[in-house]
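Trainee: I have a model open and would like to learn how its descriptions are justified. Could we go through a few together?

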Amino acid sequence: MATTKISIIPLLISSPRSGEKSDSCCGTLSPSSFLGSKSFYKKHAIVNKTPTRRSAPVSAVSSDVIQKKKKPTADLVTSNLLITKEEGLEVYEDMVLGRAFEDKCAEMYYRGKMFGFVHLYNGQEAVSTGFIKLLTNRDSVVSTYRDHVHALSKGVPARQVMSELFGKTTGCCRGQGGSMHMFSKEHNVLGGFAFIGEGIPVATGAAFTSKYRREVLKEDCDDVTVAFFGDGTCNNGQFFECLNMAALWKLPIIFVVENNLWAIGMSHLRATSDPEIWKKGPAFGMPGIHVDGMDVLKVREVAKEAVARARRGEGPTLVECETYRFRGHSLADPDELRDPAEKAHYAKRDPITALKKYLIENNLATEAELKSISKKIDNTVEDAVEFADQSPVPPRSQLLENVFADPRGFGIGPDGKYRCEDPKFTEGTAQV
């Protein structure tokens, strides 16, 4: 039987995976190796496959390729900028909001205003902002336990997110979700998920819904879904199953790997046979992309093409964003396992600092404008804390809600009657 050769071409948007010197925000794009490797990208990988239904070879793509294809608009021809002033200020504000909100969460956690595990997003803002600010309200986002900033980027008010963290009825889940389970039907945030990988099938189902509405129900629907998850998830079965299903049915979904190099205290390089996660895309017949997740403008360039591709009905994309979290795995983690030199290296590549520098150097914003944004965000976050602190706690009866679709599911009491028929049931004082 004849075989078909599929070339997987690793043209990538670089991100330093070791102590190598990085480009400034949106500087020259060039291939770079993973942490600890010096020869990954020196030659192409040729893989033999038996004939499939694919009509053309599958290759990994990058924004180097995307930018060459793009025709610059008239106002950008001379400057060759990747972003307009309006877009730049919107992106900067969203990233500053994410950082300030998470810093305030840490303060409130240590003051005893929050309970349970709280996982912060500091350092990874370029990924959330780079993708989500390109979406419409109808598009869906599925997150992980590190979900506060994803919700904020999608438009969930800071008051609702903070109230949810405080466990108050004014939270986006009425105080029942907490830090790891942000959800908003209004904003199509389909949830944060505490167990790694469990959000990916939900996201795949949301993408299937969009395709079904468009192709079967003949509705005008070009909605896409973005699934965020970490590097540790990429060795789980659900990840591979959903890549296969999404590619098979050409679902409008973007799988975004927030590779912060550490799965709690386990180094990505020690846990994965091939640390280049993007390669798993072409293996299933979809583009695989590696991008510098510390550079929001590079992330945006990749996101634009991946989202547009999904809207055109051309199927899924796997994007590996190499980023870094500036805090421990959670606020209960003393963060003693990571090398201080490694943390210092990535701290110098702060995505907000890099964007600020880019905006000022390219005359897209002034120092005064950016300071005004920071002041506005500080006020927003302080208002969210005050609102959450003054909001009421849920009544005890709320514990019995959202458990069974039919309240008779709580069973029959000693008197032979359904427990839900007990007058005290709705007060939350019945013996359940």
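Mentor: Happy to; we will look at a pair of helices and then at the cavities, bearing in mind that this is a predicted model.

Trainee: Why is H6 called roughly parallel to H7?

Mentor: Helix H6 (residues 199-215) and helix H7 (residues 237-249) pack at an angle of about 10°. Angles under 35 degrees count as roughly parallel, so H6 and H7 get that name. Their axes are 9 Å apart.

Trainee: How do you know that H6 and H7 are in contact, and which residues make the contact?

Mentor: Contact means heavy atoms within 4.5 Å. On the H6 side the contact is made by Ile200, Pro201, Thr204, Phe208 and Lys211, and on the H7 side by Gln238, Phe239, Cys242, Met245 and Trp249. By class, that gives 7 nonpolar, 2 polar and 1 charged residues.

Trainee: Now the empty space. How many cavities of 30 Å³ or more does a search of the whole structure find?

Mentor: The search finds 2. The largest cavity holds about 100 Å³ of space. Of its 15 lining residues, the closest to the centre are Lys211, Arg214, Pro252, Ala310 and Gly313.

Trainee: Which element gives the most to the lining of the largest cavity?

Mentor: H6 does, with 4 residues. By class, this lining has 4 nonpolar, 3 polar and 8 charged residues.

Trainee: And what lines the second largest cavity?

Mentor: That cavity has about 70 Å³ of space. Among its 13 lining residues, Ser143, Thr144, Gly197, Gly199 and Phe229 are the closest to its centre. Strand E4 (225-230) gives the most to this lining, with 3 residues.

Definitions and conventions
Residues numbered from 1 in each chain as written. Predicted model: local features only at pLDDT ≥ 70, side-chain atom pairs only at ≥ 80, totals over all residues. Heavy atoms only, no water. Axes fitted to C-alpha atoms, helices over the stretch in contact; angles between N-to-C directions. Helix = DSSP H or I, 4+ residues; strand = E, 2+ residues; numbered from the N terminus. Parallel < 35°, antiparallel > 145°, perpendicular 65-115°, else oblique. Nonpolar A, V, L, I, M, F, W, Y, C, P; charged D, E, K, R; others polar. 1 Å grid on protein atoms, 1.4 Å probe; cavity = no way out; pocket = protein on both sides within 12 Å on 5 of 7 lines; lining within 4 Å. Points joined across faces, edges and corners; volume = space filled by probe spheres on them.
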